Amino acid sequence: MNAEKHYKTLEFDKILLQLQKKTFCEKNETLSFEDLLCPSTDEAREALARTDEMYTLLLRYGDPGVGRVSDLSRPLTRADKGGVLSIKELLGVRGLLGACRTVQDWYQNSRQVGSGLLDPYFAYLTFHDGIYRRLGDAILNEEELADSASPELHSIRRGILRAQNRAREKLEDILRSSSQQKYLQEALVTMRDGRFVLPVKSEFRTQVPGLVHDASQSGATLFVEPMAVVDLNNEVRMLRGKEQEEIERILQELTELVVSCKADLLADYDLLAAIDLLLAKAKLAKALDCTAPEMGDEQQIDLRGARHPLIAAGDVVPIDISLGRDFDTLVITGPNTGGKTVCLKTLGLFALMAKSGLLIPAKKGSRVDYFAHVYADIGDEQSIEQSLSTFSSHMVNIIGLLKEAGRGSLVLLDELGAGTDPTEGAALAIAVLEHLRAARCRTAASTHYAELKMYALKEPRVENASCEFDVESLRPTYRLIVGVPGRSNAFAIAGKLGMSRMVLDAARGYIQKDDIKFEDVIESLEQKRSELTRQLERAEQYAAKQKRQQEYAEKELYRQLKAAKQEAEEAHIAAQRVIEQTKREAEAVIAEIKERNRKKDAALTPGAVRNRVDKLYDVAGSQPQVDDHYTLPRPLKVGDVVTLREMNTPAEVVEIKGEDVTIQTGAIKTRVKMKDVRLSGKKMPKSGERSARRVAGSSQKTRRAALEIDLRGQSVDEAVMELDGFIDRAVLSGMEQISIIHGKGTGALRAGIHSYLKRHKNVAGFRLGTFGEGEAGVTIATLK
């Protein structure tokens, strides 16, 4: 059977033409279907992988930009038998070598991206640099050798130029002579047969001695070579002969040079043609926005968002269509111009493209298995020459494919059984589908017959599909809906177009009740499907919106955490600078105090100053804690004392819920993640114990009359609660002055403490510390 006819029916020849236009090798300008189609599943799968690899490189690095490369097999064979290559043919050899170098350099730059699948194509290209340079030096253009082709040629051409200049000078003298000008038709020098001549009036022929080479058509002008330049013209002609001999010698030399690497050149051309075809496939994939389909040998097709490659991008409607997995036969119904034929052609065209190693214009994840044969009976096949009607012509095609189609075949039938009596046509169509099912073919057929819709509903592995039609706008949507039979919508369309209700009701009366019920069932199914589709679309839109919001929230959280971390690092660096500066200043003060033999005020002794500076350095200079991959040594329980990962303040566990832990420090409760706590192993100090220990320790160390309480690192509420008890104990002890250490920080803790002290009944007044007392990081309070 004529396979080419089926390929053209599916318009695969147009895809082939697009591919040919994207090639640069002469050999690929005449590609045939046989040159593209792979003979086995494995070869087709490998061809797809190579095309996909080349597509990746093309997108990343662009087109290598190779010009047209001529097929040199015939010229090289002739040269090998003793012939001489022309200048144009030699230039073609240089173009071939240049193309090899270009694609080699391009691939070498792109190897870091590719997987190496294309290495064999590029690795065996042979670039003869010496021949490439020699041809470049020798050839000026397709018709002329360069003066640098040989020293002898350069010398000869210089001699020709000198002889011509001398001849022209003599003729210019004649033109300037007043006695000779009256004999000339025009005052110019021209050439005849490669010799310089002057246009002389025929009546003055004897007045200008010389050789006549030509005459004008009217005979009024003779072209005379004056005797004064005959010898010079003879010299030019003699040198021209030598020039031609040298050119022939050079061409012979260059031919022998090329023939010496004939085998490499022929192999290079074949490899270059293969690379060119892969590049053309990649360029076509880029133009059509294609992806590589999955391929197996189970004769399955699963297309997602498939776009017919020959329909303009702005007009094509993507479709989802499958065949061979859940069902082997697909019956497509629906109104005319609804897209049934496009669906069939898309199936067949994609099968042929995948079989040829071409990527397909569909979404990622589509599948097109290998089909040994693809048959199509699509369109109006009426033949006037053979006196065949449309029905007869279709039957001729179907009879032919029924004889050949079998396992591994994809069969596409448009308007199956149409063009004859509907009852007989439907019966014949069902019989054809049954025959193809028995032959284990994969079949897709379009029809208007209700009998085929019923057949698809009751038969296993046969499925209905319909092309959606918008009755309100009287326009098809071109969407394919698998699993639902389509309606012809004839009555609805006629009504929309203005046909009277009386005629429509009469028409419905002629339809059998079973057919009416069947159409009503289809209409009900269609309405429910449309509603479910709308609900699904709304759900998908809502899910997409939720996903976008979640992604935004995650990005914003990450941004804030990153900013907070950066701010903490910057603050730590700034604190380090302040501490270092403070220590330097403190050392200077200590040195000054030593020189003054120290003051009696214990608060200003070098030891006291150094202790305060070191304490400030220890607190402000502590490094931010980082995740140390800590693991709890045992499960937490209520009552455990823990610390947070980011701070050393002890807290008590008061509640545990899953991965959440509620901890309490003073009167403050906080819920944190279990991963952020560290088991302390110490007991939680009672209220006032910490301050009392600090007071005792401070008294022992500094021997000062004033008591200290360190509230750094606490919240305002915690600090006020602890300070309240401390003041009470200080009053009971008869103390007149206390030191409250709150640090500088942001100033929030200091402001909260000052606000509290203003209201306290036992506080007579307060001030910030001076140098040696802690300055703005300490408040000195006087008690009543």
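How many bridges join E21 to strand E22, and do they run parallel or antiparallel? The first view below gives the reply. The model is predicted.

**View 1. Strands E21 and E22 pair in parallel.** The count is 4 bridges between E21 and strand E22 (residues 737–741). One of the pairings involves glutamate 708, whose bridge partner in E22 is serine 739. E21 and E22, together with helix H22 (residues 716–732), make a β-α-β unit, and this unit is right-handed.

**View 2. Strand E21 (residues 707–710) sends its side chains two ways.** Leu707 and Ile709 point one way. Glu708 and Asp710 point the other way. All four of these residues are buried. In a regular strand, side chains alternate between the two faces of the sheet.

**View 3. Strands E8, E7 and E10 form an open sheet of 3 strands.** The order is E8-E7-E10, and the pairing is antiparallel. Strand E8 (319–323) and strand E10 (367–368) are the edge strands, each pairing on one side only. Strand E7 (residues 301–306) is joined to E10 by 2 bridges. Isoleucine 301 has valine 368 as its bridge partner in E10.

**View 4. Alanine 444 lies in strand E13 (residues 442–446).** Is alanine 444 buried or exposed? Alanine 444 is buried, because its relative accessible area is 0%, where buried means under 20%. Beyond its neighbours within four places in sequence, alanine 444 is in contact with Leu330, Leu344, Leu347, Val411, Leu412 and Leu413. Cysteine 343 is 101 residues away from alanine 444 along the chain, yet their C-alpha atoms are separated by 9.2 Å.

**View 5. Met499, Met502 and Val503 form a nonpolar patch on the surface.** Together these three residues have about 310 Å² of accessible area. Methionine 502 sits in helix H18 (residues 501–509). Why does methionine 502 count as exposed? Its relative accessibility is 66%, and exposed means over 50%.

**View 6. The whole protein chain has 23 helices and 24 strands.** The chain contains 784 residues, and 41% of them count as buried. About 42,700 Å² is exposed by the protein chain, with carbon and sulfur atoms supplying 51% of that area. Take the contacts between residues at least 6 apart in sequence: 65% of them join residues at least 24 apart.

Terms used: Residues numbered from 1 in each chain as written. Predicted model: local features only at pLDDT ≥ 70, side-chain atom pairs only at ≥ 80, totals over all residues. Heavy atoms only, no water. Patch = residues over 30% accessible without salt bridge, like charges linked within 9 Å, V, L, I, M, F, W, Y side chains within 5 Å. Areas by Shrake-Rupley, 256 points an atom, 1.4 Å probe, with all protein chains shown as cover. Salt bridge = Lys/Arg side-chain N within 4 Å of Asp/Glu carboxyl O. Buried < 20%, exposed > 50% of the residue type's maximum accessible area, 1.4 Å probe, protein only. Contact = heavy atoms within 4.5 Å. Pairing = 2+ DSSP bridges. Right-handed = clockwise from strand over helix to strand, strands pointing away.
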